[in-house]
Amino acid sequence: VQLQACGGGLVQPGDSLRLSCAASERTFNTYAINWFRQAPGKEREVVAAINWGGDTTYYADSVKGRFTISRDNAKNTVYLQMNSLRPEDTAVYYCAAAKRFSSNPHDLIDYARYVYWGQGTLVTVSS
């Protein structure tokens with residue numbers, strides 16, 4: 001399965017963006033999908049996660065209430081709707097697939113769980 005992340009760009013604080021993570025195969029629909037981000041000079045952090053059915057989600061505290069993760073399995077695509085963007089949201093955003101969903105803090109950063117990764121898409125929030 002190949003994942004392709006897109007939708008990044010340069011926006012102003014308070015603006016919105018929607019990232020997409022599209023998969024090359026329908027088996028994508030059996031995987032949980034996580035969004036991560038990595039800002040310059042900082043460690044990669046998990047942003048959000050969604051289970052295969054789309055009915056269970058996780059959000060990092062830093063984005064809760066502003067970001068929404070969703071998926072359309074008919075289109076083999078997961079979305080990250082990002083509202084009220086802040087300069088501290090500036091980062092390269094990655095999507096990754098795991099065989100099962102987990103919101104356990106240990107699992108979220110256990111990178112061995114993620115079997116497929118998309119290339120990053122850059123989000124820059126600046127006035």
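**One disulfide, two cores**

Cys21 and Cys95 are both buried. In this predicted model, a disulfide joins these two cysteines, and a search of the whole structure turns up just that one. Here's a quick look at that bond, at Cys6, and at how the nonpolar residues group together.

**The disulfide**

- The S to S distance between Cys21 and Cys95 is 2.2 Å.
- Its torsion about the S-S bond is about 75°, so you're looking at a right-handed disulfide.
- Cys21 sits in strand 3 (residues 17-23) and Cys95 in strand 9 (residues 91-98), so the bond ties together parts that are 74 residues apart in sequence.

**Cys6**

- Why no bond for Cys6? Its sulfur is 8.8 Å from the closest cysteine sulfur, which belongs to Cys21, and that's too far for a bond.
- Cys6 is partly exposed, with a relative accessible area of 39%, whereas Cys21 and Cys95 are buried.

**The nonpolar cores**

- As background, nonpolar side chains tend to be buried together in soluble globular proteins.
- The largest nonpolar core here has 31 residues, and Trp35, Leu80, Met82 and Tyr93 have the most contacts inside it.
- Plenty of strands chip in: strand 1 (3-6), strand 3, strand 4 (32-38), strand 5 (45-50), strand 7 (67-72), strand 8 (77-82), strand 9 and strand 11 (121-125) each supply at least two residues of this core.
- There's also a second, separate core of six residues, with Phe36, Val46, Ala96 and Leu108 among them.

Definitions and conventions. Residues numbered from 1 in each chain as written. Predicted model: local features only at pLDDT ≥ 70, side-chain atom pairs only at ≥ 80, totals over all residues. Heavy atoms only, no water. Disulfide = S-S within 2.5 Å. Helix = DSSP H or I, 4+ residues; strand = E, 2+ residues; numbered from the N terminus. Buried < 20%, exposed > 50% of the residue type's maximum accessible area, 1.4 Å probe, protein only. Core = buried A, V, L, I, M, F, W, Y, C linked by side-chain atoms within 4.5 Å.
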